[in-house]
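The following exercises concern the interior of a structure and are to be worked through with the sequence and coordinates at hand. Each task is followed by its solution.

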Amino acid sequence: MELIYFELLSAVLFSIGVYGVLARRHAVLVLMSIELILNAVTINAVAYATHIDASGITGQIIAIFVITIAAAEFGLALAIILRLYSQQSNANLDEANRMKW
Amino acid sequence: MSGEVIVFTIISAMVLFGALGVVSTKNVGHATLYLLITLGSVAGIFILLLAEFLALVQILIYGGAITIVLLFALMLTRVDEFSSIKDAVQRPVAIVVSVLLLGVIITPFLQETLGGQSLTESNLRTLGHELFTKWLIPFEVASLVLLVALIGAIVVGRDD
């Protein structure tokens, strides 16, 4: 299959994720958009690796690492969001400005 | 149009449908379910690339772990504001920025001449062998990252 299909899919998915990160105010929704971006990158890595060697092992290993780091990031971010809820009783990122002077 | 392309079109339509749902719905619970559609369909894309282990990992970790944890975290917080999430004021700017970004990313893709390549099946044995010989140190570092994230999440989430 032509590589361009996978490239276009991951480019569109990445842009949707960037839009979500920029336009959303709820912290959980921003986190979900980050997951979209990470998935777009993973698709690209796996598709390109099939052009380096036909089995595409390297891309799959990079994708496994991306998924691992995404899981770690997700757990930590949810803990921070729960803490944000208990401090300001919502997860609105515009109001989370107490670390600013 | 070959059968592969038809399957790819259907799966990527599902991926984009879920992704647009995540960034446009006003309900956080619905957004989680849309995210599940996207992540499950990305597993289908991995199967098209003959990366069946990756598809399995994608469904287990994203579908099984992350979505469940997300729903639990939403249940532990206040439910009344779920269905009325407002977007930020910079929404028009965000649309412009993401469309421009899409153009910037796609332009070199359309100019390159990399064609298709016939894929060979990658079995699990090769993948495991590669992971535990050539990529052993990144693998160990990843396990350390998971440990640090686990302890960090407990410390941050604890009541004091």
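**Exercise 1. The second largest cavity**

Which element supplies the largest share of the lining of the second largest cavity?

Solution. The model is a predicted one.

Step 1. A search of the whole structure yields three cavities of 30 Å³ or more. The second largest cavity encloses about 40 Å³ of space.

Step 2. From chain A and chain B, the lining residues are A:Val28, A:Leu78, A:Ile81, A:Leu82, A:Tyr85, B:Leu70, B:Ala73, B:Leu74 and B:Thr77. Two or more of these residues come from each of α3 of chain A and α3 of chain B.

Step 3. The largest share belongs to α3(A), with four residues.

Step 4. By class, eight lining residues are nonpolar, one is polar and none is charged.

**Exercise 2. The largest pocket**

Determine the volume of the largest pocket and describe its lining.

Solution.

Step 1. The volume of the largest pocket is about 400 Å³.

Step 2. Its lining comprises 20 residues, and A:Gly75, A:Leu76, B:Ala149, B:Leu150 and B:Ala153 are those nearest the centre. The elements contributing two or more residues are α3 of chain A and, in chain B, α3 and α6 (136-157).

Step 3. With nine residues, α3(A) gives the most to this lining.

Step 4. Sorted by class, the lining holds 15 nonpolar, three polar and two charged residues.

Step 5. At the level of domains, domain 1 (1-85) and domain 3 (123-160) of chain B each provide at least three residues to the lining of the largest pocket.

**Exercise 3. The largest nonpolar core**

Establish which elements build the largest nonpolar core, and examine one of its residues with the most contacts inside it.

Solution.

Step 1. The largest nonpolar core contains 60 residues, and A:Met32, A:Leu36, A:Ile81 and B:Ile45 have the most contacts inside it.

Step 2. In chain A, the elements giving two or more residues to this core are α1 (3-23), α2 (27-52) and α3 (57-88); in chain B they are α1 (3-24), α2 (28-48), α3 (52-76) and α5 (124-133).

Step 3. The element that gives the most is α3(A), with 12 residues.

Step 4. Domain 1 (1-85) and domain 3 (123-160) of chain B each contribute at least three residues to the core.

Step 5. Take B:Ile45 as the example: residues up to four places away in sequence aside, B:Ile45 touches A:Phe6, A:Leu9 and A:Ile43 in chain A, and B:Phe8, B:Ile11 and B:Val15 in chain B.

Step 6. As background, nonpolar side chains in soluble globular proteins tend to be buried together.

**Exercise 4. A threonine in chain B**

Is B:Thr32 buried or exposed, and which residues are in contact with B:Thr32?

Solution.

Step 1. B:Thr32 is located in helix α2 of chain B.

Step 2. The relative accessible area of B:Thr32 is 0%, and the cut-off for a buried residue is under 20%, so B:Thr32 is buried.

Step 3. Apart from neighbours within four places in sequence, B:Thr32 is in contact with A:Met32, B:Thr67, B:Leu70, B:Leu71 and B:Leu74.

**Exercise 5. Chain B as a whole**

How many helices and strands does chain B have, and what percentage of its residues is buried?

Solution.

Step 1. Chain B has six helices and zero strands. From the N terminus, its elements follow the order α-α-α-α-α-α.

Step 2. Of the 160 residues in chain B, 34% are buried.

Step 3. Among chain B contacts with a separation of 6 or more, 58% join residues 24 or more positions apart.

Definitions and conventions. Residues are numbered from 1 along each chain as its sequence is written. Chains are lettered from A and ligands numbered from 1 in the order in which they are written. This is a predicted model: local features need pLDDT of at least 70, side-chain atom pairs count only at pLDDT 80 or more; totals for chains, interfaces and linings use all residues. Side-chain values use heavy atoms; hydrogens and water are left out. A nonpolar core is a set of buried Ala, Val, Leu, Ile, Met, Phe, Trp, Tyr and Cys residues joined through side-chain atoms within 4.5 Å. Buried means under 20% relative accessible area, exposed over 50%, partly exposed in between (1.4 Å probe, protein chains only). Domain bounds come from an automatic or database domain assignment. Contact means heavy atoms within 4.5 Å. On a 1 Å grid over the protein atoms alone, a cavity is a set of points where a 1.4 Å probe fits but cannot get out, and a pocket is an open set with protein on both sides within 12 Å along at least five of seven lines; lining residues have an atom within 4 Å of a point. Grid points are joined across faces, edges and corners, and a volume is the space filled by probe spheres set on the points. Ala, Val, Leu, Ile, Met, Phe, Trp, Tyr, Cys and Pro count as nonpolar, Asp, Glu, Lys and Arg as charged, and the others, Gly among them, as polar.
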